[in-house]
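Reader: I would like a close look at one helix and at whatever it is packed or linked to. Please work outward from it, and give the geometry behind each contact.

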Amino acid sequence: MDDLLVSVNDIHIGDRIRRSIKSNDITRGHFAELLGVSESKVDRILQNRTIETSLLYDISKKLGINFFSWYCSDWNPEDSGDTLYYYHVGKAIELYMKSISLSQADLAEKMGMQQAGISKMLKKNSIDTGKLVDLCYIFNHNFFEDFYNNPKVILQDKTLKYDILLEKYNALLIENDQLKTKILDLEKQLQK
């Protein structure tokens, strides 16, 4: 594992998102509305160098831009967010830990964290992109690619398959509710 074969672009994701919304003529207000957050939250997103993968997934889907690919050496600015896979990042890391017999204590040492922090991180389905960059080097695997390539190793785990399907189902429910609201708003406008 000492040989660095993996290539990961350590980018300022807030800056990349800012440039993308600007080039697509999306205002901060409209971007906030798309995400269902305040404009001050948008300001924090655009200022931060890193972001939680769950939020980056949501932004990628809403803007139709695959921001995960920007962390990869073969990134293509034309990649859309249409074919993204969401998975439980903590469980995926656990699978990689098991595959190389790496304990939580060992990972904590490599990451400069407490073991309790590692335990908490493994339970989460999202992770800060800065930590994920570090994990890519530790495991010699670009986890960002798993968000848009078929994550074969990850999909071997039935729990992760279920998590992915459940996440897609929940996203569809939310999208369905949003469409219902838009239809009701349109019907009200037509009645006026």
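Author: Start on the outward side of helix α7, where Ala116, Lys120 and Lys123 are exposed. The model is predicted, and the values below are computed from it. The other side of this helix holds Ile118, Met121 and Leu122, and these residues are buried. Viewed along the helix axis, the buried residues of α7 lie within an arc of 95 degrees, so they line one face of the helix. The spacing fits a general property of the fold: an α-helix has 3.6 residues a turn, so residues three or four places apart point the same way.

What does the buried face of α7 pack against? Its buried residues are in contact with α5, with α6, which spans residues 104-111, and with α8.

Two of these neighbours lead to the aromatic residues. There are 5 aromatic pairs in the structure. In one of them, the ring centres of Tyr96 and Phe143 are 5.1 Å apart and the ring planes make an angle of 80 degrees, so the pair is edge-to-face. Tyr96 belongs to helix α5, residues 89-99, while Phe143 sits in the loop between α8 and α9; the pair therefore ties together parts 47 residues apart in sequence. Tyr96 is buried, since its relative accessibility is 12%. Phe143 is also buried, because its relative accessibility is 0%. Phe143 pairs with Phe139 as well, again edge-to-face, with 6.0 Å from centre to centre and 90 degrees between the planes. Phe139 has a relative accessible area of 8%, so this residue is buried too. Tyr96, Phe139 and Phe143 together form one aromatic cluster.

The cysteines can be settled by distance. How many disulfides does the structure contain? The count is 0. The sulfur of Cys72 has its closest cysteine sulfur in Cys136, at 7.8 Å, which is too far for a bond because the cut-off is 2.5 Å. The same distance applies from the other end: Cys136 is in no disulfide, and the nearest cysteine sulfur is that of Cys72. Cys72 is buried, with 0% relative accessibility, and Cys136 is buried at 0% as well.

Next come the charged contacts, where the loop after α7 takes part. In total, 7 salt bridges are counted. One of them joins the side chains of Glu52 and Lys124, with an N to O distance of 3.7 Å. Glu52 is in the loop between α3 (39-47) and α4 (53-63), and Lys124 is in the loop between α7 (115-123) and α8 (129-139), so the bridge links distant parts of the chain, 72 residues apart. Glu52 has a relative accessible area of 27%, which makes it partly exposed. Lys124 is likewise partly exposed, at 35% relative accessibility.

Other salt bridges stay inside a single helix. In α4, Lys62 and Asp58 are 4 residues apart, which means about one helical turn between them. Their closest N and O atoms are 3.4 Å apart, and the two residues form a salt bridge. Lys62 is partly exposed, with a relative accessible area of 33%, and Asp58 is partly exposed at 24%. Salt bridges with shared partners also join Asp15, Arg18 and Arg19 into one network. Within this network, Asp15 and Arg18 form a salt bridge whose closest N and O atoms are 3.8 Å apart. These two residues are 3 residues apart in helix α1, residues 13-23, so about one helical turn separates them. Asp15 is partly exposed at 24% relative accessibility, and Arg18 is partly exposed at 35%.

Finally, the confidence. The mean pLDDT of the protein is 83, and 82% of the residues reach 70 or more. Among the elements, α3 has the highest mean pLDDT, 95, and helix α9, residues 152-155, has the lowest, 48.

To return to the helix you asked about: α7 has Ile118, Met121 and Leu122 buried, and Ala116, Lys120 and Lys123 exposed on its other side. Its buried residues pack against α5, α6 and α8, and Lys124, in the loop between α7 and α8, is paired with Glu52 from the loop between α3 and α4.

Conventions: Residues are numbered from 1 along each chain as its sequence is written. Side-chain values use heavy atoms; hydrogens and water are left out. A salt bridge is a side-chain nitrogen of Lys or Arg within 4 Å of a carboxyl oxygen of Asp or Glu. Buried means under 20% relative accessible area, exposed over 50%, partly exposed in between (1.4 Å probe, protein chains only). pLDDT is the predictor's confidence in each residue, from 0 to 100. Rings of Phe, Tyr and Trp (its six-membered ring) pair if their centres lie within 6.5 Å; planes under 30 degrees apart count as stacked, over 60 as edge-to-face and the rest as tilted. The arc is that of the directions from the helix axis to the C-beta atoms. Contact means heavy atoms within 4.5 Å.
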